[in-house]
Amino acid sequence: VRSIVNDDWLKSYGYYSIALYFQALYYNYFDDDSLMTFALNKVDSALAEDDKAAYLYWLKGNILDNRSNSLPSTKEQLQAIMLSPNWAIPYYEVAENYEELGQYDSALYYLSKGFAIDSQFVYWYHKGMLFIYAGLNELDSAIYYGLQYVNLHPQSEIMIYNLACCYSLKKDKTNALKYFELALQEGYDYYQVIKEDPDLDFIRGNAPFKALIKKYFPDQHKE
């Protein structure tokens with residue numbers, strides 16, 4: 001990739017922006033702010049070469065999202081949609097950003113639009129619908145989509161944990177404990193999240209919950 005970037009003659013064949021794209025994509029994988037800044041600079045350089053490339057705006061949106069900048073990220077993803085309206089992925093990305101911003105109607109619109117364009121990302125759709133409906137406090141719908149996701153990906157401990165949270169918010173102790181234990185069995189080990197998550201308050205004082213904490217977090221449960 002570096003050799004392509006340094007070969008000026010390739011600019012005339014349109015490869016320069018593609019090479020910069022791959023460099024930005026590579027550096028965006030690292031959870032390091034300076035490297036993400038480098039990635040952002042690369043993608044901006046690529047956009048200077050080709051400002052009509054939807055995939056570049058999509059990547060810039062991803063880099064910004066990795067830096068927890070949901071609004072600027074959404075702006076870039078919307079530009080990608082405008083340039084390539086039949087490409088589903090930016091719709092899913094925009095939906096995710098709007099969900100994080102609490103703009104659930106917009107999230108639902110873009111998620112449904114993305115799924116209508118390309119339904120192969122059904123896992124993304126189910127996950128998004130769970131979070132959107134949970135945000136709207138429509139817990140039955142959130143649970144429905146969470147179960148759809150888990151049926152397809154039964155070892156997804158994070159989504160199983162989110163199901164436990166939904167059941168706890170619904171005050172369904174039996175299912176909340178069932179899915180909480182299943183999440184732990186599948187490897188969910190974010191003790192600090194569990195300790196502070198208000199979604200689990202309904203079951204936190206129960207003896208089975210405390211027993212699970214003692215079993216899976218023997219070094220922390222006395223805190």
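The following exercises, each with a worked solution, concern a predicted model of one protein chain.

**Exercise 1. The overall make-up of the chain**

Determine how many helices and strands the protein chain has, and state what share of its residues is buried.

Solution. Begin with the secondary structure: the protein chain contains 14 helices and 0 strands. Read from the N terminus, the elements run α-α-α-α-α-α-α-α-α-α-α-α-α-α. Next, consider burial. The protein chain has 223 residues, and buried residues make up 43% of them. Finally, consider how the contacts are spread along the sequence. Among contacts with a separation of 6 or more, 50% join residues 24 or more positions apart.

**Exercise 2. The largest nonpolar core**

Identify the residues that touch the most other members of the largest nonpolar core, and find which helix gives the most residues to this core.

Solution. The largest nonpolar core has 46 residues, and the members touching the most others are Y161, F180, I194, L200 and F209. The helices that each supply at least two residues of this core are α6 (89-100), α7 (104-117), α8 (122-135), α9 (139-152), α10 (157-169), α11 (173-185), α12 (191-196) and α14 (207-216). Of the helices, α10 gives the most, with 8 residues.

One member may now be examined in detail. Leaving aside residues up to four places away in sequence, F180 touches Y161, A164, I194, L200, F209, L212 and I213. Another core lies apart from the largest one; this other core has 14 residues, including A39, A46, L59 and L64.

**Exercise 3. The packing of α4 and α5**

Describe how helix α4 packs with helix α5, giving the angle and the distance between their axes.

Solution. Two packed helices are described by the angle between their axes and the distance between the axes. Helix α4 covers residues 54-66 and helix α5 covers residues 70-83; their axes lie 8 Å apart, at an angle of about 165 degrees. Angles over 145 degrees count as roughly antiparallel, and α4 is therefore roughly antiparallel to α5. The crossing in which α4 passes α5 is left-handed.

The next step is to list the residues that meet. From α4 these are A54, Y57, W58, K60, G61, N62, L64 and D65, and from α5 they are S70, P72, S73, E76, Q77, Q79, A80 and L83. Sorted by class, this contact comprises 7 nonpolar, 6 polar and 3 charged residues.

**Exercise 4. The packing of α9 and α10**

Apply the procedure to α9 and α10, and state how many charged residues their contact has.

Solution. The axes of α9 and α10 come within 10 Å and cross at roughly 155 degrees. The two helices are therefore roughly antiparallel to each other. As for handedness, α9 passes α10 in a left-handed crossing.

In α9, the residues involved are L139, A142, I143, G146, L147, Y149 and V150; in α10, they are M159, I160, L163, C166, Y167 and L169. By class, the contact of α9 with α10 has 12 nonpolar residues, 1 polar residue and no charged residues.

**Exercise 5. Positive phi angles in loops**

For N137 and K171, state the phi angle and the loop, and decide whether each residue is buried or exposed.

Solution. N137 is not a glycine, yet its phi is positive, at about 60 degrees. This residue belongs to the loop between α8 and α9. The cut-off for exposed is over 50% relative accessible area; because N137 has 57% relative accessibility, it counts as exposed.

K171 is likewise not a glycine, and its phi is positive, at about 65 degrees. K171 is placed in the loop between α10 and α11. With a relative accessible area of 58%, K171 is exposed.

**Exercise 6. Residues separated in sequence**

Find how far apart L101 and S70 are in sequence and in space, and do likewise for S106 and A95.

Solution. L101 lies in the loop between α6 and α7 and, at 33% relative accessibility, counts as partly exposed. L101 and S70 are 31 residues apart in sequence, while their C-alpha atoms are 7.3 Å apart. Not counting residues up to four places away in sequence, L101 touches S70 and L71.

S106 is part of helix α7; its relative accessibility of 28% makes S106 partly exposed. Along the chain, S106 and A95 are 11 residues apart, and their C-alpha atoms are separated by 6.9 Å.

Definitions and conventions. Residues numbered from 1 in each chain as written. Predicted model: local features only at pLDDT ≥ 70, side-chain atom pairs only at ≥ 80, totals over all residues. Heavy atoms only, no water. Core = buried A, V, L, I, M, F, W, Y, C linked by side-chain atoms within 4.5 Å. Buried < 20%, exposed > 50% of the residue type's maximum accessible area, 1.4 Å probe, protein only. Helix = DSSP H or I, 4+ residues; strand = E, 2+ residues; numbered from the N terminus. Contact = heavy atoms within 4.5 Å. Axes fitted to C-alpha atoms, helices over the stretch in contact; angles between N-to-C directions. Parallel < 35°, antiparallel > 145°, perpendicular 65-115°, else oblique. Left-handed = near helix turned anticlockwise from the far one by under 90°. Nonpolar A, V, L, I, M, F, W, Y, C, P; charged D, E, K, R; others polar.
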